[in-house]
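This report covers the pockets of one protein model, followed by the setting of a strand residue and of a helix. The structure is shown first.

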Amino acid sequence: MSPVLVAASAYGADLVRRVGHTDLVHVVAAAGAAGFEIRRELFDGPEDLPALRALLDQHKLYSVYSAPFELFRADGKFDREQIALAMEEAEELGARYLKVSLGHFSAASDLQSLLRFVSQAPVEVLLENDQTPQGGRLEPIVSFLSLCTGNGYAFGMTFDMGNWRWNGVEPELAARTLASYIRYVHCKGVRDDKGKLKAVPLQAQDSDWQQLIAHFPKGILRAIEFPLVGSDLEEVTRRYVAMLAAV
């Protein structure tokens, strides 16, 4: 069985902001998940990260820290201030990974400044393909990762199987192209609802998402990042954790 995390966003922004991440830790643990993805954008005011870390440790869960920051600002420069802030928080949380997106990377960007930072960081940084034009297209991501490798740093990636759709990228092509970089997989389906793309739960009988995971190393870390809705959140979570763990 493969390790499965639950992204806090799966429970909906309104609920997470209302009850806090801490109130959902026991649901995630009781459902048999291996960890919890903490979402910075869902904090409702200052968060006591050491206390959250202690609670996760108590329930034997590890964490991924997701921050809505981009590596490169609109001017193409490495956003050291924001990434350093997120790194400090990830370290407080005891996170296994810090997850961010690419931003406005170009040939003129100071890649060396970023590589010096991540090579000395206490928490490994993973790049996620997001839904933006600058951070969700395949070509800039491949270019960035290749340049990092050429400069002696193996940058890992969070592969969000649904986000590619927002930029018209075929997920199968992205999976084949990026397989060697993937450390963590965000699992979700996507459907077109009257011209608007929406994340939806995966279905056990749908082979497409299972074929995507097959491109990556056996037992790769994966997370539920589709809506978990129901009167019994623990039971709903347990069902999907078991489904993803078995693939």
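In this predicted model, the lining of the largest pocket is made up of nine nonpolar, five polar and eight charged residues. The lining has 22 residues in total, and those nearest the centre of the pocket are Ser9, Arg39, Gln131, Lys188 and Glu225. Two elements, strand 3 (62-72) and strand 4 (97-103), give two or more residues to this lining. Strand 3 has the largest share, with four residues. The space in the largest pocket comes to about 520 Å³.

The second largest pocket holds about 330 Å³ of space. Around its centre, the nearest of its 18 lining residues are Met161, Pro171, Asp208, Trp209 and Leu212. At least two lining residues come from each of helix 7 (171-178), strand 8 (189-193) and helix 8 (207-213). Helix 8 contributes the most, four residues. By class, this lining has eight nonpolar, four polar and six charged residues.

The table sets out the two pockets.

| Pocket | Volume | Lining residues | Element giving the most |
|---|---|---|---|
| Largest | about 520 Å³ | 22 residues | strand 3, four residues |
| Second largest | about 330 Å³ | 18 residues | helix 8, four residues |

Helix 7, which supplies part of the lining of the second largest pocket, also has a buried side. Its residues Pro171, Ala174, Ala175 and Leu178 are buried. These four cover an arc of only 100 degrees around the axis, so they lie on the same side of helix 7. Among the elements that cover the buried residues of helix 7 are helix 6 (138-150), strand 6, strand 7 (182-187) and helix 8. Pro171 thus appears twice: as a buried residue of helix 7 and as one of the residues nearest the centre of the second largest pocket. Helix 8 likewise belongs both to the cover of helix 7 and to the lining of that pocket.

Strand 6, part of that cover, spans residues 156-160 and contains Thr158. Is Thr158 buried or exposed? The relative accessible area of Thr158 is 0%, and Thr158 is therefore buried, the limit being under 20%. Beyond its neighbours within four places in sequence, Thr158 is in contact with Lys99, Leu126, Leu127, Glu128, Asn129, Tyr184 and His186. Of these partners, Tyr184 and His186 fall in strand 7 (182-187), while Lys99 falls in strand 4 (97-103).

Key
Residues are numbered from 1 along each chain as its sequence is written. This is a predicted model: local features need pLDDT of at least 70, side-chain atom pairs count only at pLDDT 80 or more; totals for chains, interfaces and linings use all residues. Side-chain values use heavy atoms; hydrogens and water are left out. On a 1 Å grid over the protein atoms alone, a cavity is a set of points where a 1.4 Å probe fits but cannot get out, and a pocket is an open set with protein on both sides within 12 Å along at least five of seven lines; lining residues have an atom within 4 Å of a point. Grid points are joined across faces, edges and corners, and a volume is the space filled by probe spheres set on the points. Ala, Val, Leu, Ile, Met, Phe, Trp, Tyr, Cys and Pro count as nonpolar, Asp, Glu, Lys and Arg as charged, and the others, Gly among them, as polar. Buried means under 20% relative accessible area, exposed over 50%, partly exposed in between (1.4 Å probe, protein chains only). Contact means heavy atoms within 4.5 Å. The arc is that of the directions from the helix axis to the C-beta atoms.
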